[in-house]
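Please walk me through this structure. Start with the protein chains, then turn to the DNA.

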Number of protein chains: 2
Amino acid sequence: MTAVENVTGPISSFDPYERGCPSRDLLDQIGSKWAVLVLGELGRNGMSRFGRLRQALAGVSEKMLAQTLRTLERDGLVSRTVHAEVPPHVEYELTALGQTLREPLKALTQWSVLHIEEVITARQEYDDRGERSR
Amino acid sequence: MTAVENVTGPISSFDPYERGCPSRDLLDQIGSKWAVLVLGELGRNGMSRFGRLRQALAGVSEKMLAQTLRTLERDGLVSRTVHAEVPPHVEYELTALGQTLREPLKALTQWSVLHIEEVITARQEYDDRGERSR
DNA sequence: CGGCATCCTTTAAGATACTG
DNA sequence: CAGTATCTTAAAGGATGCCG
């Protein structure tokens with residue numbers, strides 16, 4: 001959790017396994033439900049607007065989408081561009097930093113789609129087995 | 001969200017962008033705070049016990065660790081082996097399915113460690129900029 | 001259109017104590 | 001040792017209404 005520069009070389013002691021380490025919270029944030037989908041959508045289709053994102057992420061509320069976008073913007077992963085028009089026109093886009101998350105998140109999303117059936121089967125077996133033996 | 005078998009071939013219409021799709025919940029689950037760390041720890045050091053996991057994941061409560069392990073076990077990602085001894089001895093290990101998650105999750109964890117400083121800087125700039133202009 | 005503010009309900013998480 | 005049960009607190013999420 002201490003800094004990174006050191007006379008003898010870089011230390012980079014950030015470790016999500018340590019309590020209170022900011023990298024743990026970041027990991028939690030980028031892995032959160034709506035953030036994953038927002039980043040995925042912007043990664044696939046590029047720049048998008050609030051309303052379009054809301055449609056793309058079926059079931060997201062205004063509040064959660066706005067909140068997620070604010071956090072991603074603050075973290076430097078997404079840029080927000082306001083066009084001074086009436087009615088308002090706001091565009092969201094991945095930053096260079098946000099782009100570096102595309103592959104890791106895509107892999108995770110694809111994993112969930114690819115293996116969801118195995119997981120569903122495992123759940124059924126676990127439930128059928130009953131809570132016996134525990 | 002419909003099934004997968006079809007006379008004309010597989011459909012596999014699972015899409016986390018659809019509301020209520022089980023792959024969305026799975027994605028949420030595997031990306032959750034403690035699950036990521038448990039899977040990462042078991043991926044790096046192999047089989048482990050409850051107490052060791054608790055130490056490895058600094059700050060986790062008994063309750064959350066137990067809950068996370070139950071969910072991972074139910075999903076077929078982690079196996080639980082009870083050795084009938086006194087005192088009790090329980091070992092957790094990644095299943096074959098859980099192994100397939102190692103790389104994707106490792107990439108995500110490494111990303112958070114690698115880029116946390118850029119994010120911290122971005123946050124400071126965002127905050128310094130003030131909530132003005134919004 | 002793209003929000004933010006407020007209120008309220010539902011979950012998740014944490015601390016503590018106790019058991020097989 | 002490896003949990004479960006219980007209680008309390010914190011955070012997530014939804015509904016509604018207002019505004020630039």
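The paragraphs below take the sheets, the contact between the chains, and the two DNA strands in turn. The model is predicted.

Begin with chain A. Three of its strands form an open sheet. Their order is β1-β3-β2, and the pairing is antiparallel. Strands in a sheet are held together through backbone hydrogen bonds, and they may run parallel or antiparallel. In chain A, β1 (48-49) and β2 (78-83) stand at the edges with a single partner strand each, so one side of each has no neighbour in the sheet. Two bridges join β1(A) to β3(A). Within this sheet, A:Arg49 stands opposite A:Glu91 in β3(A). A helix completes the picture: α2 (residues 33-45) of chain A lies across β1, β2 and β3 of that chain. It runs at about 90° to β3(A).

Now chain B. Here too there is an open sheet of three strands, in the order β1-β3-β2 and with antiparallel pairing. Its edge strands are β1 (48-49) and β2 (78-83) of chain B, and each pairs on one side only. Six bridges join β2(B) to β3(B). One of the pairs is B:His83 with B:His89, the latter in β3(B). Helix α2(B) lies across β1, β2 and β3 of chain B, at about 90° to β3(B). Helix α4(B) lies across β2 and β3 of chain B and runs at about 110° to β2(B).

How much area do chain A and chain B bury between them? The figure is about 5,300 Å², with 66% of it on carbon and sulfur atoms. Three residues, A:Tyr17, A:Arg74 and A:Trp111, supply 16% of the area that chain A buries against chain B. No other three residues give more. The contact takes 56 residues from chain A and 55 residues from chain B.

Next comes DNA strand C. There are 17 residues around it. A:Arg49, A:Arg80, A:Tyr92, B:Lys63 and B:Pro88 come nearest. The surface near strand C draws on both chains. Chain A supplies at least two residues from each of α3 (50-56), α4 (62-74) and β3 (89-94). Chain B does so from each of α2 (33-45) and α4 (62-74). By type, the residues of this surface are nine nonpolar, one polar and seven charged.

Which parts of DNA strand C lie within 4 Å of the protein? Of those atoms, 61% belong to sugar or phosphate, and the rest to bases. Two side chains of chain A reach phosphate oxygens of strand C. For A:Arg80, an N or O atom of the side chain is 2.9 Å away. For A:Tyr92, a polar side-chain atom is 2.4 Å away. B:Glu62 meets a base instead: a polar atom of its side chain lies 3.5 Å from a base nitrogen of strand C.

DNA strand D is surrounded by 15 residues. The closest are A:Lys63, A:Pro88, B:Arg49, B:Arg80 and B:Tyr92. Of the strand D atoms within 4 Å of the protein, 54% belong to sugar or phosphate and the rest to bases. A polar backbone atom of B:Gly51 is 2.9 Å from a phosphate oxygen of strand D. A polar side-chain atom of B:Glu62 lies 3.0 Å from a base oxygen of strand D. B:Glu62 therefore appears at a base of strand C and at a base of strand D. A backbone N or O atom of B:Pro88 lies 3.5 Å from a sugar or linking oxygen of strand D. The elements giving two or more residues to this surface are α4 of chain A, with α3 (50-56), α4 and β3 (89-94) of chain B. Helix α4(B) gives the most, with three residues. The surface near strand D divides into eight nonpolar, two polar and five charged residues.

Conventions. Residues are numbered from 1 along each chain as its sequence is written. Chains are lettered from A and ligands numbered from 1 in the order in which they are written. This is a predicted model: local features need pLDDT of at least 70, side-chain atom pairs count only at pLDDT 80 or more; totals for chains, interfaces and linings use all residues. Side-chain values use heavy atoms; hydrogens and water are left out. A residue is near a molecule or strand if one of its heavy atoms lies within 4 Å of it. A polar contact is a pair of N or O atoms within 3.5 Å; within protein, one must be able to donate a hydrogen and the other to accept it, and residues adjacent in sequence count only if both atoms are side-chain atoms. Helices (H or I, at least four residues) and strands (E, at least two) are DSSP runs, numbered from the N terminus. Ala, Val, Leu, Ile, Met, Phe, Trp, Tyr, Cys and Pro count as nonpolar, Asp, Glu, Lys and Arg as charged, and the others, Gly among them, as polar. Two strands pair if DSSP finds at least two bridges between them. Contact means heavy atoms within 4.5 Å. Axes are lines fitted to C-alpha atoms, for helices over the stretch in contact, and angles run from 0 to 180 degrees between N-to-C directions. Buried area is the accessible area (1.4 Å probe) that two parts lose on being put together, summed over both.
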